[in-house]
Amino acid sequence: MRDIRYLLTAWGNWSGSRIGTEYKAAWPLVTASSDIRPMLSDADGEIVDRAVGRLKHFDPLGYDIVVAYYKGKVSCRAIGREINRDYKSIAVFLARAEAYIAGRVAELLEAA
């Protein structure tokens with residue numbers, strides 16, 4: 001299985017390049033040739049997006065942390081300051097959310 005952090009980083013880039021994560025891009029995106037950010041195909045992006053979306057029902061705070069960290073590129077320390085929690089507890093929430101998403105992605109890939 002692919003590394004979940006790499007996959008979520010690519011998902012953050014993929015979802016950030018869309019109007020909304022539930023919509024496919026209506027136009028081809030032009031990026032600089034030196035742009036080496038990890039990206040996903042729409043099919044892979046939608047699989048990860050479904051897993052992240054399901055996390056919202058299971059763990060709303062974990063969902064908010066994943067979206068802020070991977071899509072918004074906000075550090076654990078900044079997230080902790082914003083919600084008045086220690087950054088270490090944010091890292092624990094993030095790790096738990098990553099594990100949940102990894103399991104959901106694996107389940108979705110097996111079903112496909």
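This passage walks through the nonpolar core, the salt bridges and two individual residues of a predicted model.

The core is a good place to start. In soluble globular proteins, nonpolar side chains tend to be buried together. Here, the largest nonpolar core is made up of 25 residues. Leu 8, Trp 11, Val 48, Val 66 and Ile 101 are the ones with the most contacts inside it. Helices H1, H2, H3, H4 (76–82) and H5 each put in two or more residues, and H5 gives the most, with eight. Val 66 shows what life in this core looks like. Leaving aside residues up to four places away in sequence, Val 66 touches Leu 8, Trp 11, Val 52, Leu 55, Lys 71, Leu 94, Ala 97 and Ile 101.

Two of the helices that feed the core, H1 and H5, also pack against one another. Their axes sit 10 Å apart and cross at an angle of about 85°. That angle falls between 65 and 115 degrees, so H1 counts as roughly perpendicular to H5. On the H1 side, the residues that meet H5 are Ile 4, Arg 5, Leu 7 and Leu 8. Their partners in H5 are Glu 98, Ile 101, Ala 102 and Val 105.

Charged side chains pair up as well, and a search of the whole structure turns up three salt bridges. One of them links Arg 5 and Glu 98, whose closest N and O atoms are 3.2 Å apart. Arg 5 belongs to helix H1 and Glu 98 to helix H5 (residues 87–111), so this pair ties together parts that are 93 residues apart in sequence. The two partners differ in how much they see of the outside: Arg 5 is partly exposed because its relative accessibility is 48%, while Glu 98 comes out as buried because its value is 5%.

Another salt bridge brings together the side chains of Asp 59 and Arg 96, at 3.0 Å from N to O. Asp 59 is in the loop between helix H2 (42–58) and helix H3 (60–71), and Arg 96 is in helix H5, so parts that are 37 residues apart in sequence are tied together. With a relative accessible area of 9%, Asp 59 is buried; Arg 96, at 44%, is partly exposed.

The remaining pair is a more local affair. Glu 107 bridges to Arg 104, with 3.1 Å between the closest N and O atoms. Both residues lie in helix H5, three residues apart, which is about one turn of the helix. Glu 107 is partly exposed, given its relative accessible area of 45%.

Next comes a polar residue, Asn 13, which is found in helix H1 (residues 4–16). Is Asn 13 buried or exposed? Its relative accessible area is 4%, so Asn 13 counts as buried. The side chain of Asn 13 is joined to that of Lys 73 by a polar contact of 3.1 Å. Apart from residues up to four places away in sequence, Asn 13 touches Arg 37, Pro 38, Met 39 and Lys 73.

Finally, there is Ala 78, whose place is in helix H4. Ala 78 is partly exposed, since its relative accessibility is 23%. Ala 78 and Ala 68 are ten residues apart along the chain, and 9.8 Å separates their C-alpha atoms.

Notes. Residues are numbered from 1 along each chain as its sequence is written. This is a predicted model: local features need pLDDT of at least 70, side-chain atom pairs count only at pLDDT 80 or more; totals for chains, interfaces and linings use all residues. Side-chain values use heavy atoms; hydrogens and water are left out. Helices (H or I, at least four residues) and strands (E, at least two) are DSSP runs, numbered from the N terminus. Buried means under 20% relative accessible area, exposed over 50%, partly exposed in between (1.4 Å probe, protein chains only). A polar contact is a pair of N or O atoms within 3.5 Å; within protein, one must be able to donate a hydrogen and the other to accept it, and residues adjacent in sequence count only if both atoms are side-chain atoms. Contact means heavy atoms within 4.5 Å. A salt bridge is a side-chain nitrogen of Lys or Arg within 4 Å of a carboxyl oxygen of Asp or Glu. A nonpolar core is a set of buried Ala, Val, Leu, Ile, Met, Phe, Trp, Tyr and Cys residues joined through side-chain atoms within 4.5 Å. Axes are lines fitted to C-alpha atoms, for helices over the stretch in contact, and angles run from 0 to 180 degrees between N-to-C directions. Angles under 35 degrees count as roughly parallel, over 145 as roughly antiparallel, 65 to 115 as roughly perpendicular and the rest as oblique.
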